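Visitor: I am new to this structure and should like to learn how its descriptions are justified. Would you take me through the reasoning?

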Amino acid sequence: MKILLIAEHDNHSLKGATLNTLGAAAQLGGEVTLLVAGSGCGVVAEQAAQAVGVAKVLLADQASYAHQLAENLAPLVVELAAEYDYVLAPATSNGKNLLPRVAALLDVAQLSDIIAVESADTFKRPIYAGNAIATVQSLDAKKVITVRTTAFDAVAATGGNASIESLTQAVDAGVSAHVKDELAVSDRPELTAAGVVVSGGRGVGSKENFAVIESLADKLNAAVGASRAAVDAGFAPNDIQVGQTGKIVAPSLYVAVGISGAIQHLAGMKDSKVIVAINKDEEAPIFQVADYGLVADLFEAVPELVNAL
Ligand SMILES: Cc1cc2nc3c(=O)[nH]c(=O)nc-3n(C[C@H](O)[C@H](O)[C@H](O)COP(=O)(O)OP(=O)(O)OC[C@H]3O[C@@H](n4cnc5c(N)ncnc54)[C@H](O)[C@@H]3O)c2cc1C
């Protein structure tokens, strides 16, 4: 059984999502080849070669892959897939952009966002915003799978010793171009990789008041998240939205402040190890999933908590 796994990276470092996807690959068993496609990304290939469970790294270092445009990468992956039984990628924005194209070109059905490996051809995946879990079997000869990274433990980043092979193909489909990156710069941990997340909801009331959430996040060395209502109201940027249409997180500690606990929000955080909710409404649904609940006004409770910490 041979697995081709698409590495998530930014040409400088291998992202943690790849290590979680390797965790899923380990459950499948078989030989894992990691594809590092980018430009000036040799250092990523070296990091990838050290990840536990990687047999081989394919390094596709070409200008046309610099921004990992799915239109250029899909034909490369399809060509390589001839030798593999599985193509895996993390269910990140990149993975979700690339793999459907690969599946379509291979004329197979994609298995999306798997959360468990039942057998070589059967997987579990959430549907209806995580309110039901579907068990899906694929009889396709090649299986194209995106992996929900929060559902699988990461393999160790070091300890492996894979070989690195350079590829010479340089696909440029010529149908898309990278215009610019607009990256939110933050000193805080990255939301989907953070061990602690403090999220604010509509109850926070304004963009200025979000400083209350940030002060608690600073004390806990946490990433800051937000509900969609908070994002829609302009209290927080949309790249920190947690939920069905935002990011999926599963930190050790998730603190929900002024968030009611709508199912679409729970879909993005209910797998957190410990959930703390602060809400002035004791009937708020968030208390049904919270391990610790505090019925209080957030503008009193959070500063008190910050002082105590
Ligand atoms: C297709 C679809 C996709 C969606 N995707 C997402 C998603 O990805 N993420 C997401 O979050 N939502 C999503 N939503 C929206 C979701 O249904 C809810 O509307 C949203 O989560 C509500 O956000 P909230 O809890 O911040 O606001 P509210 O539901 O308005 O809750 C605010 C809470 O703050 C409390 N509060 C107010 N003042 C204080 C105070 N001073 N102290 C303490 N507590 C206070 C209130 O008691 C209340 O419980 C989606 C909806 C749809 C239809």
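**The second largest pocket and the ligand**

Guide: In this predicted model, the second largest pocket holds about 400 Å³ of space.

Visitor: What makes a residue part of the lining of the second largest pocket?

Guide: A lining residue has an atom within 4 Å of a grid point of the pocket. By that criterion 25 residues line the second largest pocket, and Arg202, Ser227, Ala229, Ile259 and Ser260 lie nearest its centre. Helix H6 (228-232), helix H7 (263-266), strand S14 (274-279) and helix H9 (298-308) each give two or more residues to this lining.

Visitor: How many residues of each class does the lining of the second largest pocket have?

Guide: The lining has 13 polar, eight nonpolar and four charged residues.

Visitor: Which residues are closest to the ligand?

Guide: Arg202, Ser227, Thr245, Ser260 and Asn279 are the closest of the 25 residues that surround the ligand.

Visitor: Why is the pair formed by Gln244 and the ligand called a polar contact?

Guide: A polar contact is a pair of N or O atoms within 3.5 Å. A backbone N or O atom of Gln244 lies 3.0 Å from an oxygen atom of the ligand, so the pair qualifies as a polar contact. A polar backbone atom of Gly258 is likewise 3.0 Å from an oxygen atom of the ligand. For Leu298, a backbone N or O atom lies 2.8 Å from a nitrogen atom of the ligand, and therefore this pair also meets the limit.

Visitor: How much of the ligand's accessible area does the protein cover?

Guide: On its own the ligand has 980 Å² of accessible area, of which the protein covers 76%.

Technical notes:
Residues are numbered from 1 along each chain as its sequence is written. This is a predicted model: local features need pLDDT of at least 70, side-chain atom pairs count only at pLDDT 80 or more; totals for chains, interfaces and linings use all residues. Side-chain values use heavy atoms; hydrogens and water are left out. On a 1 Å grid over the protein atoms alone, a cavity is a set of points where a 1.4 Å probe fits but cannot get out, and a pocket is an open set with protein on both sides within 12 Å along at least five of seven lines; lining residues have an atom within 4 Å of a point. Grid points are joined across faces, edges and corners, and a volume is the space filled by probe spheres set on the points. Helices (H or I, at least four residues) and strands (E, at least two) are DSSP runs, numbered from the N terminus. Ala, Val, Leu, Ile, Met, Phe, Trp, Tyr, Cys and Pro count as nonpolar, Asp, Glu, Lys and Arg as charged, and the others, Gly among them, as polar. A residue is near a molecule or strand if one of its heavy atoms lies within 4 Å of it. A polar contact is a pair of N or O atoms within 3.5 Å; within protein, one must be able to donate a hydrogen and the other to accept it, and residues adjacent in sequence count only if both atoms are side-chain atoms. Accessible areas come from the Shrake-Rupley method with a 1.4 Å probe; for residues, only the protein chains shown count as cover.
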